[in-house]
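Subject: Structure for your review

Dear colleague,

I am handing over the structure below, together with a summary of what was found in it. Please read the summary with the structure open beside it.

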Amino acid sequence: AARDEAVVELTKVEKRFGGNHVLKGLNLSVRRGSLLGVVGPNGSGKSTLLNTLSGFVKPDSGTIKLKGMDIAGWPIHRRAAMGLGRTFQVPQLIDELGPLENIAVGLVARERATYLAPFFQTPGVRKANAERHQASFATFAELRLPNDLLDLTAAKIPLGLKRIVEVGRAIVSRPDVLLLDEPTAGLDDSERAEFGQLLRYLQGAGMTVVVVEHNVPFVLEYCDELVLLESGEITVHADMSKPLPARLRSYLSYAPEHHP
Ligand code: ADP
Ligand code: MG
């Protein structure tokens with residue numbers, strides 16, 4: 001696969017919620033291996049954009065291609081199996097479960113109709129469970145999560161580490177593309193910097209990362225492409241290795257995070 005090939009491609013994607021025109025004919029090409037940031041005012045459609053990619057929202061029209069396949073009509077689990085991983089704006093860990101079980105959810109999420117499997121303890125099911133546990137632990141260790149978390153339920157894990165466990169759940173299935181919706185919201189500067197390093201690591205491991213992020217220093221430091229979404233339209237798609245377009249520069253300098 002060529003490095004400048006598009007791994008995700010949206011063409012004329014439209015979405016209305018009732019009379020609310022939320023995505024207005026979006027065209028977006030995401031280069032394989034890039035770390036693409038999405039910025040824009042509240043309500044401009046950033047989460048809806050990620051949701052149309054992961055399948056939680058069905059676009060009214062337009063095409064969505066993943067690795068060349070048109071996935072617009074595909075259900076969520078099939079997209080996940082084909083290489084899309086995601087996290088949510090509000091952490092969605094299961095409070096009663098520990099980090100390994102929460103990470104393992106990412107393996108179950110892309111299977112279909114496995115709900116009854118735990119009740120049939122055949123050797124095959126036991127083997128599958130053991131493999132899931134092993135994969136979860138490998139991801140836990142890969143993310144350098146501290147071992148003392150293993151004894152905690154998700155409810156007791158501090159927010160900064162919760163966000164990393166969430167990434168674990170999204171990457172345990174080795175997706176090609178990882179979608180992150182405001183993953184550093186509520187983190188302090190040092191936790192945010194650690195999260196940035198983690199994204200760099202994932203990019204180095206071959207993933208394409210699409211991240212909705214408000215923090216200006218963060219996007220300047222870590223993103224290599226940046227999209228500005230305003231009222232459902234992409235007004236800028238910038239290559240961060242080049243001088244920033246004036247419109248993006250002015251958006252970033254007035255972004256609320258610059259003026260706390
Ligand atoms: P952002 O993430 O950029 O803040 P969203 O994509 O969450 O913006 O929302 C864009 C617009 O779409 C908002 O007006 C929001 O109220 C509306 N919206 C988002 N999701 C839904 C939904 N499931 N049903 C109805 N309206 C929605
Ligand atoms: Mg949002």
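Two residues are taken to be in contact if their C-beta atoms, placed from the backbone, lie within 7 Å. Please note also that this is a predicted model.

With that criterion in mind, helix H1 lies across strands E1 (6–17), E2 and E4. The direction of H1 runs at about 65° to E2.

The sheet to which these strands belong is an open one of 4 strands, in the order E2-E1-E4-E5 and with antiparallel pairing. E2 and strand E5 (69–70) stand at its edges, and each has a single partner strand, so one side of each is left without a neighbour in the sheet. At one of these edges, strand E4 (residues 61–66) pairs with E5 in the antiparallel sense over 2 bridges. Lysine 65 has aspartate 70, in E5, as its bridge partner.

The second sheet is also described as open: 6 strands form it in the order E6-E7-E8-E3-E9-E10, and their pairing is mixed. Strand E6 (84–86) and strand E10 (233–239) are at the edges, each with a single partner strand, so one side of each is left without a neighbour in the sheet. Direction ignored, neighbouring strands of this sheet are turned by 20° against each other on average. Strand E9 (residues 225–230) pairs with E10 in the antiparallel sense, over 6 bridges. Here leucine 229 has isoleucine 234, in E10, as its bridge partner.

H1 also lies across strands of this second sheet, namely E3 (35–39), E6, E7 (177–181), E8 (208–212) and E9. Its direction is at about 150° to E7. Helix H6 (residues 189–204) packs on the sheet as well, touching E3, E7 and E8, and the direction of H6 makes about 150° with that of E8.

H6 has a helix partner too. Helix H5 (residues 159–171) and H6 pack at an angle of about 15°, with their axes 10 Å apart. The two are therefore roughly parallel to each other, and H5 passes H6 in a right-handed crossing. In this contact, Gly160, Arg163, Ile164, Val167 and Ile171 of H5 meet Glu191, Phe195, Leu198 and Leu202 of H6. By class, the contact has 6 nonpolar, 1 polar and 2 charged residues.

A further pair of helices is H3 (residues 99–108) and H4 (residues 123–142), whose axes come within 8 Å and cross at roughly 110°. H3 and H4 are therefore roughly perpendicular to each other, and their crossing is right-handed. The contact is made by Pro99, Leu100, Ile103, Ala104 and Leu107 of H3, together with Arg132, His133, Ala135, Ser136, Phe137, Thr139 and Phe140 of H4. These residues divide into 8 nonpolar, 3 polar and 1 charged.

Finally, there is the ligand. Ligand 1 is surrounded by Phe17, Asn20, Val22, Gly40, Asn42, Gly43, Ser44, Gly45, Lys46, Ser47 and Thr48. Strand E2 (20–31) and helix H1 (46–54) are the elements that give two or more residues to this shell. H1 gives the most, with 3 residues. By class, the shell around ligand 1 divides into 2 nonpolar, 8 polar and 1 charged. H1 thus links the parts of this account: it contributes to the shell around ligand 1, lies across E1, E2 and E4, and lies across E3, E6, E7, E8 and E9.

With kind regards

Notes
Residues numbered from 1 in each chain as written. Chains lettered and ligands numbered in written order. Predicted model: local features only at pLDDT ≥ 70, side-chain atom pairs only at ≥ 80, totals over all residues. Near = placed C-beta within 6 Å. Nonpolar A, V, L, I, M, F, W, Y, C, P; charged D, E, K, R; others polar. Pairing = 2+ DSSP bridges. Axes fitted to C-alpha atoms, helices over the stretch in contact; angles between N-to-C directions. Parallel < 35°, antiparallel > 145°, perpendicular 65-115°, else oblique. Left-handed = near helix turned anticlockwise from the far one by under 90°.
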